[in-house]
Amino acid sequence: MRYVSNFVRSERQMFKTCVRAFLPPSPVVAFRQGKGSDCSAVVSEGDAVREGQLIAVLPDGDSVHSPVPGTVDSIFQTTLPDGKLGTSVKIRTGGSFSFLGKKDVVTNWHTLLKSEILDAIKSCGVVNTFFEPEPLFEIIEKSSEIKNNFLVVRMFDEDPGRLTDSFVAQFCLSKVTEGACITARAMGAAGIVFVLDKNQEFNPSLLNDSVPFCAVRVDASKYPAGFRENIITVVRKNARLPEYKFFSAMSRKSIFIDPETALSVYEAVVLGKPVIERFVHVTGNCLRSAAMMKVRIGTSISSLAEQCGGFKIAPAKIAVNGLITGKTVADPEVCITKSIKSVSFIPSLELFNQVLSPCIRCGKCRSVCPEHLYPDLMYRSATEGLATGNELKKTAALCSLCNLCSSACPARLPLSIGVRLLQEK
């Protein structure tokens, strides 16, 4: 496997504290928090809502909750982080809070049945943000018939342009590990695999459950290191040792989660809190300062920039969820959803030429691919309407979507998007 070192230079020092973002006076909460369709509203304009109250639900049961107490101002169409239009609800903040500033009521999850844990994960709207956001209970239900299934917890950020997962893993370690144990109980996991950076601290005594576990370490300074295919390769390599042999059965069908997902599970099952806020890494050389912030769902991206001191340089691009695997947001008034982990404000001097041109057959995408694939051929097959055979689909499935091919392409072709199209066929 090939790696690239220091591919992205960002803040190298981990944040020591987290700043709670100001409560939005009128949060705009999207009914579609991940992939899929909009939820159906269960509130109407003029309704009073409590903090954490259910305000929208999908046909399959996924849920969206009010991040603040207040009154439903309007339900309308707005631009979402993925650039598409979706239904959102605007809430005027006001009234007393149900969770903020209140003492936590702790539930002993060890006394709960597997079905009760899964119901709590479902009703609190926990979304797995390991890669593409997806309701965690759906993932668990889909894997219910897999024998010897494993839970894999990546304890660092797969994109070196953000620090969110690493921060949560470090400063909420006990809750993250307990959330992992709860998730393992809900899915009936054979074991838990914790994937750590080589310098990351980990205390096995925090695991207060009998489920087997192992900890494997990778060099997160090398890219890519935290995608599904990278993790599988490392675990199988370690499985040659007797103490890791039990975990050699881990596969692509295992459930992969990140620290924020594990923390959300803990809060949902132990504290009864729905997902109404997120840790967000706000960064970029346009800002006067960077911060790790605890942000309420529905807070606008522009308000986070203001809370970081505003701009010293006008941003030419706003990227969410990392500089390599992230996506561009056109409107700074787009609001935070469950799937957003970071916001980067990028000046024009740091942007490369984005003009697309025909493939020049240079082969750079092939030479940089960690999985030794041919991204140019797969992109051509996906975009030119060529017949896609089973072998090509199987080959595309090996791609971790690390975006190295797109980054290396001098023609600026979105090669990884073409590969993703093949994966979805």
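Here are legends for four close-up views of this predicted model.

**View 1. The largest nonpolar core gathers 48 residues.** Start with I121 and L151, the residues with the most contacts inside this core. Then look for the helices and strands around them: α1 (114-123), α2 (136-142), α3 (164-171), α4 (173-187) and α6 (259-270) each supply at least two residues, and so do strands β12 (150-154), β13 (191-197) and β16 (255-257). Helix α4 gives the most, with eight residues.

**View 2. What does I121 touch, leaving aside its neighbours within four places in sequence?** Here you can find I121 in contact with V126, L136, F137 and I140. Further contacts of I121 are A186, V265 and V269.

**View 3. Another core lies apart from the largest one.** This core has 20 residues. To find your way in, look for M293, I301, I336 and V343, which are among them.

**View 4. Strand β9 pairs with β3 and is also joined to β8.** Strand β9 covers residues 85-93, and β3 covers residues 28-30. These two strands pair in the antiparallel sense over three bridges, and you can spot V29 standing opposite V89 of β9. Strand β8 (residues 70-79) also runs antiparallel to β9, and nine bridges join the two. One pair to look for is S74 with its bridge partner in β9, K90. Between the strands of the β8 and β9 hairpin there are five residues. In this hairpin, pause at G83, which takes a positive phi near 90 degrees.

Conventions
Residues are numbered from 1 along each chain as its sequence is written. This is a predicted model: local features need pLDDT of at least 70, side-chain atom pairs count only at pLDDT 80 or more; totals for chains, interfaces and linings use all residues. Side-chain values use heavy atoms; hydrogens and water are left out. A nonpolar core is a set of buried Ala, Val, Leu, Ile, Met, Phe, Trp, Tyr and Cys residues joined through side-chain atoms within 4.5 Å. Buried means under 20% relative accessible area, exposed over 50%, partly exposed in between (1.4 Å probe, protein chains only). Helices (H or I, at least four residues) and strands (E, at least two) are DSSP runs, numbered from the N terminus. Contact means heavy atoms within 4.5 Å. Two strands pair if DSSP finds at least two bridges between them.
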